[in-house]
Amino acid sequence: MTKALSIRGLRKTYDNGFEALKGIDLEVSQGDFYALLGPNGAGKSTTISIICSLVKKTAGDVHVFGKSISEEPAEAKKFIGLVPQEFNFSNFESLWDIVRNQAGYYGLPKKLAEERTEKYLKKLGLWEKRHNAARMLSGGMKRRLMIARALVHEPKLLILDEPTAGVDIELRRSMWDFLREINGQGITIILTTHYLEEAESLCRHIGIIDQGQIIEDTNMKVLLKRLQKEVFIFDVVGE
Ligand code: ADP
Ligand code: MG
């Protein structure tokens, strides 16, 4: 079956000469819940930005549901909903307009665009606030607004870049429940995080990235077993 995401030999050298990605290989199956885990500066956002055609790659191949981001960028982009790390909407627009405009960007006809805007503002618990300007929202609500916006064209792949950084634990849990629910409905999810706990709680597969390289790519159960063993050995040595 076609992979939701396939990355081969991905490299990125920024204009200042800094090599942020040093040859990344990564595959995510359809329906998977995949965590890209790594410390600050590892290259998570760079990878995500390239997948979404926001940053140009230096070398390598990226396919989204079989569509090359270099050769068929518009097709590849349609499959993806992105929740970026930084808030990137106008603080002065209403929630309704922010989500509705995104539906327009994807070319949804008026009626469908409005139905979807309503559906996802409701799903994310933002319907009552639809006429408010985005600046009125709390941090957690802003994050939910970006999720509603990312889902409005009903992508097959949802990518979230550190969605719960700085979000309190209660809200984090409710966001996890929501992500589990939509993954259960068939949407493939990729999430970057620097919390192992988050990856452990949500994800079936995990890639660990450090200094622009994938240093581990495995399923969550295998990783946890290994970590337990390492902790155990460490404990014995420490006695
Ligand atoms: P992460 O999301 O894992 O924290 P990033 O992908 O944002 O990491 O950044 C990876 C590395 O690339 C960091 O060292 C960062 O400073 C560097 N970097 C990111 N953007 C740029 C840029 N536009 N120009 C130069 N270096 C950059
Ligand atoms: Mg980042």
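# A turn, two sheets' worth of strands and two domains

F65 is partly exposed, because its C-beta atom has 19 others within 10 Å, while a residue needs 20 or more to be buried. The model in front of you is predicted, and F65 is a friendly place to start reading it. The residue sits in the loop between β4 and β5 (67-68), and its phi is near 45°, a positive value in a residue other than glycine. For context, most residues other than glycine have a negative phi. The setting of F65 is a hairpin: β4 and β5 form it with 2 residues between them, and F65 belongs to the turn.

## How far to trust the model

Averaged over the protein, pLDDT is 93, and 96% of the residues reach 70 or more. The scores are 0.99 for ipTM and 0.94 for pTM. Where pLDDT is low, the predicted coordinates should not be read in detail.

## The antiparallel sheet

Beyond the hairpin, β4 and β5 take part in an open sheet of 4 strands, ordered β2-β1-β4-β5, with antiparallel pairing. Its edge strands are β2 (19-28) and β5, each of which pairs on one side only. Inside the sheet, β1 (5-13) and β4 are joined antiparallel by 5 bridges. Along that pairing, R11 has A59 in β4 as its bridge partner, and S6 stands opposite H63 of β4. H63 also has a bridge partner in β5, namely S68.

Which loop holds S53? It is the one between α1 (44-51) and β4 (59-64). Here phi again takes a positive value in a residue other than glycine, near 60°. S53 counts as partly exposed because 17 other C-beta atoms lie within 10 Å of its own.

## Strand β7 and its parallel partners

How many of the residues of β7 are buried? For this strand, which spans residues 157-161, the count is 5 of 5, so "mostly covered" is a fair description by the cut-off of 20 or more C-beta neighbours. In a regular strand the side chains alternate between the two faces of the sheet. In β7, L157, I159 and D161 point one way and L158 and L160 the other, with all of them buried. D161 is thus listed among the buried residues of β7 along with the leucines and the isoleucine.

β7 has parallel partners in β6 (80-83) and β8 (188-193). On the β6 side, G81 stands opposite L158, and on the β8 side, T188 is the bridge partner of L157. The connection from β7 to β8 involves α6 (169-184), and the three elements make a right-handed β-α-β unit.

The table gathers the strand pairings described here.

| Strand pair | Sense | Bridges | One bridged residue pair |
|---|---|---|---|
| β1 and β4 | antiparallel | 5 bridges | R11 and A59 |
| β4 and β5 | antiparallel | 2 bridges | H63 and S68 |
| β6 and β7 | parallel | 4 bridges | G81 and L158 |
| β7 and β8 | parallel | 5 bridges | L157 and T188 |

## Helix α3 and its neighbours

Which residues of α3 (95-105) are buried? They are L95, I98, V99, R100, Q102 and A103. What do these buried residues pack against? Their partners are α4 (110-123) and α5 (139-151). After α3 comes G107, with a positive phi near 75°.

K122 is placed in α4. Is K122 buried or partly exposed? With 13 C-beta neighbours inside 10 Å, K122 counts as partly exposed, because exposed would call for 12 or fewer. In sequence, K122 and A148 are 26 residues apart, yet their C-alpha atoms are 8.8 Å apart in space.

## Two domains

The domain assignment gives domain 1 as residues 1-79 + 156-239 and domain 2 as residues 89-154. Domain 1 is therefore written as two stretches of the sequence. Between the centres of domain 1 and domain 2, taken over C-alpha atoms, the separation is 25 Å. The contact between them draws on 6 residues from domain 1 and 6 residues from domain 2. By class, the side of domain 1 that touches domain 2 has 4 nonpolar residues, 1 polar and 1 charged.

Methods: Residues numbered from 1 in each chain as written. Chains lettered and ligands numbered in written order. Predicted model: local features only at pLDDT ≥ 70, side-chain atom pairs only at ≥ 80, totals over all residues. Contact = placed C-beta atoms within 7 Å. Pairing = 2+ DSSP bridges. Right-handed = clockwise from strand over helix to strand, strands pointing away. pLDDT = per-residue confidence, 0-100. Nonpolar A, V, L, I, M, F, W, Y, C, P; charged D, E, K, R; others polar.
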